[in-house]
Amino acid sequence: TFKIAHVLNTLDKVRYSTETECRFRGMSEVFNLLKEKEGSDFEIAYVTNAPAWLMRTYHTSFLQNGGFPDGTIYFREGESAVTHKQTVIRKLLREKNPDRVLFVGDNGENDIVHYDKMVSEFANTKTKFLTLIHIVYATNIGLPIKAGQFGYVTPVEFALTLEDHGY
């Protein structure tokens with residue numbers, strides 16, 4: 001979502017895994033503006049399927065080198081890659097009971113499915129969800145977005161969609 005990773009190609013995924021500078025330009029700037037605008041109550045949770053033992057140093061360095069705002073990084077620590085993101089997000093939603101949640105993912109692996117499931121599970125709560133999906137793969141390769149999700153290619157589209165939805 002923030003990092004160029006080409007996760008659907010095994011060789012490229014390995015090659016990009018240790019990169020700490022290879023980011024989609026403009027995303028950290030938009031996130032910093034968003035955090036500034038939303039104020040101190042705006043919390044960022046970076047939820048990744050990357051195993052902590054292997055990727056903690058690289059992902060942490062990537063976020064710092066890219067100028068991304070501070071937040072908590074939730075690595076996979078022994079859990080299944082299939083359920084990790086949903087487990088973490090579900091726990092955060094129950095603990096924090098936020099008014100609004102912004103999901104940011106991509107169409108490469110299962111972010112679309114995970115976020116759609118969380119929106120459905122928490123549909124009868126006070127939380128209002130906005131899901132933005134970075135279209136990094138053509139629709140014949142990546143997953144298609146679900147109803148109620150918004151695709152973007154550039155940080156400008158991302159920022160305009162945020163603005164359109166009151167962020």
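The legends below describe three close-up views of a predicted model.

**View 1. Glu 157 and its surroundings in helix α6.** Glu 157 belongs to helix α6, which covers residues 155-164, and the side chain of Glu 157 comes to 2.8 Å from the backbone nitrogen of Thr 154. Because its relative accessibility is 34%, a value that lies between the 20% limit for buried residues and the 50% limit for exposed ones, Glu 157 is classed as partly exposed. His 134 stands 23 residues away from Glu 157 along the chain, and the C-alpha atoms of these two residues are 9.8 Å apart.

**View 2. The second largest pocket and the residues that line it.** The space in this second largest pocket amounts to about 180 Å³. Its lining is made up of Val 30, Leu 33, Leu 34, Lys 37, Ala 159, Leu 160, Leu 162, Glu 163 and Tyr 167, and helices α2 (27-38) and α6 each contribute at least two residues to that lining. Sorted by class, the lining of the second largest pocket holds seven nonpolar and two charged residues, with no polar ones.

**View 3. His 84 and its contacts in the fold.** His 84 is part of helix α4, which spans residues 84-96. Because the relative accessible area of His 84 is 1%, and a residue under 20% is counted as buried, His 84 falls in the buried class. When neighbours within four places in sequence are left aside, His 84 has contacts with Val 47, Thr 48 and Asn 49, and also with Tyr 74, Phe 75, Arg 76 and Glu 79.

How values were computed:
Residues numbered from 1 in each chain as written. Predicted model: local features only at pLDDT ≥ 70, side-chain atom pairs only at ≥ 80, totals over all residues. Heavy atoms only, no water. Helix = DSSP H or I, 4+ residues; strand = E, 2+ residues; numbered from the N terminus. Buried < 20%, exposed > 50% of the residue type's maximum accessible area, 1.4 Å probe, protein only. Polar contact = N/O pair within 3.5 Å; in protein donor to acceptor, adjacent residues only side chain to side chain. 1 Å grid on protein atoms, 1.4 Å probe; cavity = no way out; pocket = protein on both sides within 12 Å on 5 of 7 lines; lining within 4 Å. Points joined across faces, edges and corners; volume = space filled by probe spheres on them. Nonpolar A, V, L, I, M, F, W, Y, C, P; charged D, E, K, R; others polar. Contact = heavy atoms within 4.5 Å.
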